[in-house]
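Please open the structure in a viewer and keep the selection tool at hand. The stops below are to be visited in order.

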Amino acid sequence: MSESEHKDDLHRYLRAGREALLWKLDGLDEYDVRRPLVPTGTNLLGLVKHLAAVEWGYFALAFDRPMPGTPQWFTTMDDDEPNVDMWARADESRDDVVALYRTVTAHADETIASLDLDATGRVPWWPAERREATLHRLLVHTAAETHRHAGHADIVRELIDGAAGLRDGNTNMPPADRAWWDGYRDRLQSVAEQFRS
């Protein structure tokens, strides 16, 4: 496999994770995309905003490729309030956050296309011994992080309205109705009860 085929393969996985994440917003209103549904406050729009900051950090900042219109909070995250990238303020609409994500990912795509896999960037928040990182490593890291957060989004979305699945056009779920899922969950709960202390 050539270097360009390796890069295309990694890039394809990253793009698939991006699409899966954004699909989780489909059909939901501003309230539901912002709702914190677990004790740590995880919410759908916050996951998108977080991953915008992640891709900016790894594909713009790390390779010294400035992005026009970089939000000020990207550069002051450590000084700002904790988790500023994990939720959308009242003055940040869903459309704003999604547009930011699309802008950042387009900039990241340009970086990925223009650099070789062995191009070296610098990740200032990583430990000194690992700060120098290749495009290959950052592509793998970002694809993994994107898919991890897309999984979080899948669970949050299921908590909102029961919708679940991998991505549009391929849910990767068995074809079943609500009654089947209720029975399935009841069966799993019954097995779990056998191990309750």
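Begin by selecting helix H7, residues 178-193: in this predicted model, helix H7 supplies six residues to the lining of the second largest pocket, the largest share. Keep helix H7 displayed while the remainder of that lining is considered.

Next, select Glu158, Gly162, Met173, Arg178 and Trp181. Of the 13 residues that line the second largest pocket, these five lie nearest its centre. The space within this pocket amounts to about 320 Å³. What is the character of the residues in its lining? Six are nonpolar, five are charged and two are polar.

Proceed now to the surface, and select Val38, Ile155 and Leu159. Together, Val38, Ile155 and Leu159 make a nonpolar surface patch of about 260 Å². To place Leu159, display residues 135-161, which form helix H6; Leu159 lies in this helix. Is Leu159 buried, partly exposed or exposed? Leu159 counts as partly exposed because its relative accessibility is 49%, and the partly exposed class lies between 20% and 50%.

For the final stop, select helix H5, residues 94-114, and locate Val98 within it. Val98 has a relative accessibility of 14% and therefore counts as buried, the limit for that class being under 20%. Then add Lys49 to the selection. How far apart are the C-alpha atoms of Val98 and Lys49? The two residues are 49 residues apart along the chain, and their C-alpha atoms are separated by 7.7 Å.

Terms used. Residues numbered from 1 in each chain as written. Predicted model: local features only at pLDDT ≥ 70, side-chain atom pairs only at ≥ 80, totals over all residues. Heavy atoms only, no water. 1 Å grid on protein atoms, 1.4 Å probe; cavity = no way out; pocket = protein on both sides within 12 Å on 5 of 7 lines; lining within 4 Å. Points joined across faces, edges and corners; volume = space filled by probe spheres on them. Helix = DSSP H or I, 4+ residues; strand = E, 2+ residues; numbered from the N terminus. Nonpolar A, V, L, I, M, F, W, Y, C, P; charged D, E, K, R; others polar. Patch = residues over 30% accessible without salt bridge, like charges linked within 9 Å, V, L, I, M, F, W, Y side chains within 5 Å. Areas by Shrake-Rupley, 256 points an atom, 1.4 Å probe, with all protein chains shown as cover. Salt bridge = Lys/Arg side-chain N within 4 Å of Asp/Glu carboxyl O. Buried < 20%, exposed > 50% of the residue type's maximum accessible area, 1.4 Å probe, protein only.
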